[in-house]
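Take a look at the sequence and the model below. We will go through a loop, a helix and a metal site.

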Amino acid sequence: MKNLKTALAAIVGALALVASVWAASPQTVTLNVSGMTCPACPITVKKALEKVPGVSKVDVRFEKKQVLVTFDDAKTNTDALVKATTNAGYPSQPEKATN
Ligand SMILES: [Cu+2]
């Protein structure tokens, strides 16, 4: 009986782990940041986005005035990313809605 309980606990634990990994699927959004007019701008935008909890990657395409942001959709969302760049002085618009 004790072994069965231990086995069940292990299975439940494993399922919980799988569920948490499943829920935290990374999303990538492209933000159009028209206000990036000089090569120093992307530094500010990147720093602002990296401060947002859940953001794992920020890839600035200065020549396109776009920022590719990879984030954990269980921790943050596109609105929060737009807000972060806007608060840093660079209003942005998501290229396409992800939620
Ligand atoms: Cu600038």
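Strands are DSSP runs of E at least two residues long, numbered from the N terminus. This is a predicted model. With that naming, start at K65, in the loop between β2 and β3. K65 is not a glycine, yet its phi is positive, about 55°. How exposed is K65? Its relative accessible area is 34%. K65 is therefore partly exposed, since that class lies between the buried limit of 20% and the exposed limit of 50%.

Now turn to helix α2, residues 41–50. Its buried residues include C41, P42, V45, A48 and L49. Why do they lie on the same side of α2? They cover an arc of only 130° around the axis, so they share that side. The other side of α2 carries I43 and K47, which are exposed.

What covers the buried residues of α2? The cover includes three strands: β1 (26–32), β2 (55–61) and β3 (66–72). Helix α3 (78–87) is also part of it. Strands β2 and β3 are the ones that flank the loop of K65.

Finally, the metal. Which protein atoms are donors of the copper ion? They are the SG atoms of C38 and C41, lying 2.1 Å from the ion. The two cysteines fall into separate accessibility classes. C38 has 33% relative accessibility, so it counts as partly exposed. C41 has a relative accessible area of 7%, which means it is buried. C41 also belongs to the buried set of α2, so the copper site and the covered side of the helix meet at this residue.

Conventions. Residues are numbered from 1 along each chain as its sequence is written. This is a predicted model: local features need pLDDT of at least 70, side-chain atom pairs count only at pLDDT 80 or more; totals for chains, interfaces and linings use all residues. Side-chain values use heavy atoms; hydrogens and water are left out. Buried means under 20% relative accessible area, exposed over 50%, partly exposed in between (1.4 Å probe, protein chains only). Helices (H or I, at least four residues) and strands (E, at least two) are DSSP runs, numbered from the N terminus. The arc is that of the directions from the helix axis to the C-beta atoms. Contact means heavy atoms within 4.5 Å. Donors are N, O and S atoms within 2.8 Å of the metal (3.2 Å for Na, K and Ca); water is not among the atoms, so sites may look incomplete.
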